[in-house]
Amino acid sequence: MITFKEAYQKVLEHPLDLGTENVPLLSSLNRILAEDIYADRDFPPFDRATKDGIAIQFSDFANNGHSFSIEGIAAAGVVQQVLKDKSNCLEVMTGAVVPEYCDAVIMYEHITIEDNKVTINEKVTKGQNIHYKGSDEKVGALLLTKGKKISPAEIGVMATVGKSTVKVMANPKICTIATGNELVEVNEIPKPHQIRKSNMLTIESALLDSKIEASSLHLLDDKSIIQNELKKALTENDVLLLSGGVSKGKFDFIPDVMETLGVEKVFHRVLQRPGKPFWFGIHPKMKTVVFSFPGNPVSTFANYHLYFLPWLQNSWGISIDKSYIKLGVTINIKQPLTRFIQVVTAEKEGVIWATPVVENGSGDLTSLAKADGFICLEPRDMDYEVGEVVPFVKTR
Ligand SMILES: Nc1nc2c(c(=O)[nH]1)N[C@H]1C(S)=C(S)[C@@H](COP(=O)(O)OP(=O)(O)OC[C@H]3O[C@@H](n4cnc5c(N)ncnc54)[C@H](O)[C@@H]3O)O[C@H]1N2
Ligand code: MOO
Ligand SMILES: [Mg+2]
C-alpha cells in the first residue's frame with residue numbers, strides 16, 4: 001500500500017488540460033481568470049474633483065481673502081468646463097472633470113457665498129481635492145494577472161475596463177456516481193435496511209462551490225449494469241467521481257469493472273484514515289480521470305478535499321491552496337496510517353486553534369456538519385503537542 005504523500009503525488013501527476021472558455025462578467029465570479037487584464041485608459045481617466053465646492057486657478061491671492069465670482073457650474077457627467085476669467089471660480093461637483101485652467105478645489109464647508117461671490121476661509125494648496133488623471137494606473141498597466149480567483153473586487157476592476165465577457169479556466173465535465181442497493185432518493189422514505197443517498201449531494205454541492213455543475217448517476221450493485229453505465233460515463237466525461245464499491249465486499253465491483261473497461265489503475269488503497277480504500281485511475285485513450293472514493297461519507301468527503309481539489313487546481317495551472325493551523329490538544333498518531341482528523345476552529349487572541357470534534361468514525365456523516373475541516377497528521381513516535389502548527393484542509 002502506498003503512503004498518502006505518494007498517492008497525492010500520483011494524483012497530481014495526472015492533470016488534464018482543461019482549456020479556457022468565455023463567460024459573461026458576472027458569471028465569472030469565483031472562477032479562475034485565464035487572461036491578463038490591462039487598463040484600457042488612465043485611471044482616473046480625467047482630473048476628477050474629489051469634493052463638492054468650487055474650482056479656482058491657484059495663486060497666492062487664493063490665500064489672501066480674495067473673493068471670486070461664480071462663473072458657472074461643473075457637474076459630474078458633463079464635458080470639461082473652462083474657467084474664462086482666472087479671478088473667478090466655477091462650482092464643481094465630486095466626480096466632475098476639473099475645469100480647464102483650474103488647479104485647486106475648495107469644499108463648500110471652507111467657503112462663504114454671498115451675492116454670487118465666494119470668500120475662502122481656509123488655507124488653499126495647489127492641487128488640493130483633485131484626483132489627477134493616471135495617478136492610480138496608466139493606460140496599458142497590468143491590473144489583474146491570469147490565474148487569479150475572481151472575487152467581487154476583480155469583477156469591479158474588469159467592469160471598469162469594459163470586460164463584459166471574461167476568459168476563465170474551463171471546468172471539467174464531471175459525473176458524480178453513487179453506488180449501492182441500499183441507497184434511495186432524498187424524497188423517499190427509506191425502508192429499515194435502506195438509507196438516503198447523501199454522498200453525491202455533498203459532492204455536487206462542493207463542486208458548485210467551485211462553480212462546477214456536474215451530472216449524477218446512481219448504480220445498483222449489479223456488475224453488468226455498472227459496466228454498461230460506466231462505459232458510457234467514461235466516454236461522456238472528463239472526470240468521474242464515484243463513491244462506494246471499492247473495498248473488499250462481495251459487491252464492491254468498481255475496481256474490477258474499471259479494469260475491464262480499460263481504465264488503468266494508478267493506485268488502490270492508501271495508508272490513511274479515513275479514506276483508505278480509495279481507487280484512482282485514468283483511461284489512457286479517453287483520458288477520463290477516475291476518482292473512486294470509499295463509500296463511508298467522511299471518507300468520500302475527505303478524499304474529495306484531499307485529492308480532487310488539489311488535482312483541479314493543478315489542472316487549472318494555479319497554485320494549490322495550503323493552510324496550517326495550531327493544534328489545541330495533544331494527539332498521538334501511531335504507524336502506519338496518515339490521519340485526517342475533523343476539527344472545529346476557534347480564534348483566540350488573533351490565533352486560530354483546531355480542536356477535534358466528537359465523532360463516531362467515517363460512517364458518521366453528522367460529524368461533517370460539526371467540523372470546519374481536517375488536520376493532516378503523519379504517523380510518528382513523538383506526540384503532536386498543543387500549539388504545534390499542522391497542515392489544515394478547510395472544508396467550509
Ligand atoms: N474487510 C474490509 N472491509 C472494509 C474495509 C477493509 O479494509 N476491509 N475498509 C472499510 C473502509 S475504511 C471503508 S471507507 C469502506 C469503503 O467501502 P466501499 O467503498 O466499498 O463502499 P460501500 O461498501 O459501498 O459503502 C460503505 C458505506 O458507505 C455507505 N454509502 C455508500 N454510498 C453512499 C452514499 N452515496 N450516500 C450515503 N452513504 C453511502 C454505505 O451504505 C456503507 O455503509 O469499507 C470498509 N470495509
Ligand atoms: O476510510 Mo474508511 O474511510 O477508514 O472508513
Ligand atoms: Mg463496500
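**A walk through the ligand sites and the backbone**

Ligand 1 sits in the second largest pocket, and that is a good place to start in this predicted model. Ligand 2 sits in the second largest pocket as well, so let us take the two ligands in turn.

Around ligand 1 there are 20 residues, and those that come nearest are Glu182, Gly245, Ser247, Asp252 and Gly295. By class, this shell has six nonpolar, 10 polar and four charged residues. Some of the contacts are easy to pick out by eye. Glutamate 182 places a polar side-chain atom 2.5 Å from an oxygen atom of ligand 1. The backbone takes part too: a polar backbone atom of valine 246 is 3.1 Å from a ligand 1 oxygen atom, and a backbone N or O atom of serine 247 lies 3.0 Å from an oxygen atom of this ligand. Taken alone, ligand 1 exposes 870 Å², of which the protein buries 69%.

Asp252, one of the residues that come nearest to ligand 1, also leads us to the metal. Its OD atoms coordinate the magnesium ion (ligand 3), at 2.4 to 2.5 Å. To find aspartate 252 along the chain, look in the loop between strand E18 (239-243) and helix H5 (254-260).

Now turn to ligand 2. Its surroundings are made up of Arg273, Pro274, Gly275, Lys276, Pro277, Asn296, Ser299 and Ser362, which by class gives two nonpolar, four polar and two charged residues. A polar backbone atom of glycine 275 is 2.3 Å from an oxygen atom of ligand 2. At lysine 276, a backbone N or O atom lies 3.2 Å from an oxygen atom of the ligand. Asparagine 296 contributes through its side chain, with a polar atom 3.0 Å from a ligand 2 oxygen atom.

Before you leave the model, have a look at the backbone. Most residues other than glycine have a negative phi, and most peptide bonds are trans. Against that background, the peptide bond from phenylalanine 43 to proline 44 is cis, with omega near -10°; proline 44 lies in the loop between strand E3 (37-38) and strand E4 (48-49). Glutamine 335 and proline 336 are likewise joined by a cis peptide bond, with omega about 5°, and proline 336 belongs to the loop between strands E23 (323-327) and E24 (338-348).

Positive phi values turn up in loops too. Tyrosine 101 has a phi of about 75° and lies between strand E7 (89-92) and strand E8 (104-107). For asparagine 116, phi is near 65°, and its loop runs between strands E9 (111-114) and E10 (117-120).

Methods: Residues numbered from 1 in each chain as written. Chains lettered and ligands numbered in written order. Predicted model: local features only at pLDDT ≥ 70, side-chain atom pairs only at ≥ 80, totals over all residues. Heavy atoms only, no water. Near = heavy atom within 4 Å. Polar contact = N/O pair within 3.5 Å; in protein donor to acceptor, adjacent residues only side chain to side chain. 1 Å grid on protein atoms, 1.4 Å probe; cavity = no way out; pocket = protein on both sides within 12 Å on 5 of 7 lines; lining within 4 Å. Sits in = over half its atoms within 2 Å of the grid points. Nonpolar A, V, L, I, M, F, W, Y, C, P; charged D, E, K, R; others polar. Donors = N, O, S within 2.8 Å, 3.2 Å for Na, K, Ca; no water. Helix = DSSP H or I, 4+ residues; strand = E, 2+ residues; numbered from the N terminus. Areas by Shrake-Rupley, 256 points an atom, 1.4 Å probe, with all protein chains shown as cover.
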